Amino acid sequence: MSENGTPAGTETGKSNFIKEIIREDLRTGKHDTVATRFPPEPNGYLHIGHAKSICLNFGIANEFKGTCNLRFDDTNPSKEETEYVDSIQGDVRWLGFDWEERLYYASDYYEKLYHFAVVLIKKGKAYVCDLTADQMREYRGTLKQPGKESPWRNRSVEENIDLFQRMRNGEFKDGEKTLRAKIDMSSGYIVMRDPVLYRIQRSHHHRTGDAWCIYPMYDFAHPLSDSIENITHSICTLEFENNRPLYDWVVNETDTPHKPRQIEFARLNLSYTVMSKRKLLELVTKNYVSGWDDPRMPTIAGLRRRGYTPEAIRDFADRIGVAKADNMVDIAMLEHCLREDLNKRAQRVMAVIDPVKVIIDNYPEGKVEYVEAVNNPEDESMGKREMPFTRELYIERTDFMEVPPKGYFRLAPGAEVRFKHAYYIKCESFVKDADGNVTEIHCTYDPSTHGGWSQDGRKVKGTIHWVSAAQAVSCGIRLYDHLFTKENPDDLAEGEDYKANLNPNSLKTASAFVEPFIKNAKPGDRFQFDRTGYFCMDQDSTDSLPVFNRTVSLKDSWSKIAGK
RNA sequence: UGAGGUAUCGCCAAGCGGUAAGGCAACGGACUCUGACUCCGUCAUCCAAGGUUCGAAUCCUUGUACCUCAGCCA
C-alpha cells in the first residue's frame with residue numbers, strides 16, 4: 001500500500017499518453033518493471049506545478065508496481081542550498097509520497113560522470129575548448145544560421161585527456177576552458193551544436209564542498225543519472241523536448257547499458273498566480289510576500305500554511321490530467337477540490353468576523369445555557385459540542401438589513417430567523433449611531449424553539465450563525481485573495497513588469513469573535529467557520545491571540561443574486 | 001523551406017475510421033438548521049480549406065495560429 005491507501009499495482013485516476021506508452025512497453029516486454037524519478041534542483045521551494053509532476057511520477061510508480069526515486073539535480077552549486085533540499089523532502093512527504101531508501105543526488109555521481117566524460121574523449125566525441133563564453137555564442141550561430149566549428153575542436157585525444165584532468169585539478173581559471181561534446185555545429189537543434197558538458201566553477205557545493213571545481217551540465221548529468229539509476233521512463237516538461245536528441249546522444253555515446261526514454265508533458269499554469277521559480281524567488285527576496293510559505297504563494301509550503309490538504313492537491317493533479325498542449329488551469333478547479341475535501345472533514349465552528357451586537361430583550365440577564373451544535377453534518381461520527389447562549393450575542397453585520405431587498409431572508413425589522421442550533425429570534429428594533437451605523441439590534445426569542453426547532457410547524461427561511469459575547473474568543477483573521485489581479489500575470493502592457501499585476505488586496509486582516517470551542521485548536525488545525533469559509537490556524541498564533549488563515553471561502557450564491 | 005512541438009465547449013480533457021466521455025465554470029430548478037453540501041436539468045460537431053472513404057475529430061494534402069530552442073542555468 002502507498003501512503004495514501006491505494007494498493008500498489010492498481011491503476012488509479014485517469015489515463016494519459018504517458019501511461020499508454022508505459023503499458024505498451026510492458027506489453028511488448030521492452031520493460032518488465034517501471035522506474036521513474038522526481039528530479040528537483042534544490043534552488044527553490046516546490047510549487048503546485050511540481051506537485052503535478054510528483055503525483056505523476058510517484059503515481060505511475062505506484063500504479064505499475066514500480067519505483068520512483070527522489071533525486072536532487074544538484075549540478076550548479078552557485079544556486080543550490082541545503083535549506084531547499086530539506087524543504088523539498090518535507091513537501092514531497094507531506095504530499096503523501098515515499099521514496100523509501102531511494103534518495104539520490106546527482107552530486108553522488110560526480111566521479112562516475114567524470115569517467116563517462118573520459119569515455120567520450122577517448123572516443124573522440126568530446127574536446128576541451130578554450131573559447132570564451134562570448135566567443136562560443138558567436139560560434140554557435142543563430143536559429144536560422146548554422147554555427148561554425150571551434151578552432152579547438154580537433155585537439156588530440158591525449159591532449160584532451162590531459163587538459164580535462166588539469167581542469168579537474170584546478171589548473172585553470174573559472175570559465176577559461178570547457179569540455180564540449182563534438183556533435184554537429186550545423187544541427188537545427190541548437191543544443192546539438194557542440195554543447196558544453198563541463199564548466200569550471202569554483203563555488204562551494206552544499207554536499208561535495210570544495211572537492212570539485214568542475215561541474216557537469218544538466219544535459220550531461222541528467223541522462224546519465226537516469227541511466228545509473230536504471231530509470232525506464234524519464235518524465236520531464238515540454239521545454240526539454242529540444243534537448244531529447246542530446247539526451248539520447250549522451251546515453252548512446254557513453255555506451256551505458258541502460259537507455260532510459262525521455263517523455264515530455266506540458267507543465268501546469270494556474271490562473272491568477274505565477275509558477276516560475278525566478279519570479280517566486282523574487283517575490284520572497286523583495287518581500288512582496290512574507291516568505292516561501294506565505295499563504296498566498298502557490299508553493300507547497302504556502303498552500304499547506306493556507307490550509308490546503310494533500311488529498312485535495314492530489315485530487316487536483318488527477319483531475320487536470322496530463323497532456324502536451326499548453327494550458328492555463330482555472331484556479332477555481334483547485335479551490336473546488338479543496339472545498340470538496342474539507343466539506344467532508346472540517347470541524348464546524350461559529351465565528352463572527354464583522355460583528356454587530358444583538359440583545360435578546362426577553363432573555364434573562366446573567367443566564368448562560370448551553371445548546372448542542374453538530375460538529376459536521378457530513379460526518380455524524382464527529383459528534384456534537386456545546387455552545388453558550390446568553391442575552392448578548394454577536395452576529396455578522398451582513399446578516400441584518402434595515403431595509404431588506406426582495407429575496408433577503410436574514411434578520412430585518414420584524415423578521416424572524418433561526419439562530420443556528422439555538423432559537424428562533426425575531427428582530428424588534430435597532431439602534432444606530434450618529435453616522436447611521438447599526439450598533440445594536442434588539443430581539444426577542446421564542447423559548448419554545450430551543451435547539452432551533454418549532455413545534456408548531458412554523459418555518460423560518462433564514463438560519464444565521466452567532467456567538468455569545470461574554471464567552472467569545474477574540475481571534476486574528478487573515479483573508480486571502482488571489483496574488484495577482486490578472487488571470488495571466490504575464491499579460492503585460494508596454495514596459496510593464498509582472499509585478500504590476502500584483503493584487504494590492506491579496507491580504508486583508510480582521511478580527512473575529514469565535515465560539516469558545518476554538519480554544520482547543522492547534523496551529524495547522526482546519527475548520528469551517530459556519531457560512532463563511534474554511535480556516536486554518538496559523539503558526540503565528542499565541543495563547544492570547546489565535547490567528548486563522550482563510551483557506552477558501554464557501555460558495556456564496558446570495559452575493560451573486562444581491563449583486564444583480 | 002532553421003529545428004522541435006501543439007491545436008476538441010469559457011477552462012482542463014477523453015476520443016486511436018463507425019457517427020463528440022467526464023470534470024471545473026456558468027445558467028435554470030429541487031432540497032436545506034450553513035443562500036454551503038447534495039440532487040436534477042441546460043451547455044461543442046472537433047483551427048481552416050480541400051481530398052480518401054458507405055462513414056473522418058480520427059487517414060492524406062495544403063494552409064493558419066500558438067509554444068519551445070541561440071546560459072559555461074535546469
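1. Start with K384: this lysine is exposed, at a relative accessible area of 54%. (Exposed is over 50% relative accessible area, buried is under 20%, and partly exposed is in between, using a 1.4 Å probe and protein chains only.) K384 makes a salt bridge with E372, with the closest N and O atoms 3.7 Å apart. K384 sits in strand β14 (residues 384–389) and E372 in strand β13 (residues 369–374), 12 residues apart. A salt bridge here is a side-chain nitrogen of Lys or Arg within 4 Å of a carboxyl oxygen of Asp or Glu. Helices (H or I, at least four residues) and strands (E, at least two) are DSSP runs, numbered from the N terminus.

2. A word on the model before going on. This is a predicted model, where local features need pLDDT of at least 70 and side-chain atom pairs count only at pLDDT 80 or more, while totals for chains, interfaces and linings use all residues. Residues are numbered from 1 along each chain as its sequence is written, chains are lettered from A and ligands numbered from 1 in the order in which they are written, and side-chain values use heavy atoms, with hydrogens and water left out.

3. Back to the salt bridges: the structure holds 53 of them. One of these joins E253 and K125 at 3.9 Å, N to O. E253 belongs to helix α8 (residues 244–253) and K125 to the loop between α4 (110–122) and β4 (126–129), so to speak of distant parts of the chain is fair, as they are 128 residues apart. E253 counts as buried at 17% relative accessibility, while K125 is partly exposed at 27%.

4. R155 and D130 also pair up, with their closest N and O atoms 2.4 Å apart. Both of these residues are buried. Elsewhere, R278, E282, K286, D497 and K499 are linked in a network of salt bridges.

5. Now have a look at helix α1 (residues 17–27), where I18, K19, I21, I22 and D25 are buried. Those buried residues fall within an arc of 155 degrees seen down the axis, so they line one face of the helix. (The arc is taken from the directions from the helix axis to the C-beta atoms.) They pack against α2 (48–63), β8 (233–237) and β9 (261–265), with contact meaning heavy atoms within 4.5 Å. On the other side of α1, E20 and R27 are exposed.

6. The ends of α1 deserve a glance too. N16 caps the N-terminal end, with a side-chain oxygen 2.9 Å from the backbone nitrogen of I18. Just after the helix, G29 takes a positive phi of about 85 degrees.

7. On to RNA strand B: 69 residues surround this strand, and the closest are E20, R348, R410, G451 and S557. Sugar and phosphate account for 61% of the strand's atoms that come within 4 Å of the protein. (A residue is near the strand if one of its heavy atoms lies within 4 Å of it.)

8. Some individual RNA contacts are worth checking on screen. An N or O atom in the side chain of T75 is 2.7 Å from a phosphate oxygen of RNA strand B, and a polar side-chain atom of H336 is 3.2 Å from a phosphate oxygen. L131 uses a backbone N or O atom, 2.8 Å from a base nitrogen.

9. Finally, T309 lies in the loop between α10 (300–306) and α11. T309 is buried, with a relative accessible area of 0%, and its contacts include W94, L338 and R526.

Note on methods: Polar contact = N/O pair within 3.5 Å; in protein donor to acceptor, adjacent residues only side chain to side chain. Lists of a residue's contacts leave out its neighbours within four places in sequence.
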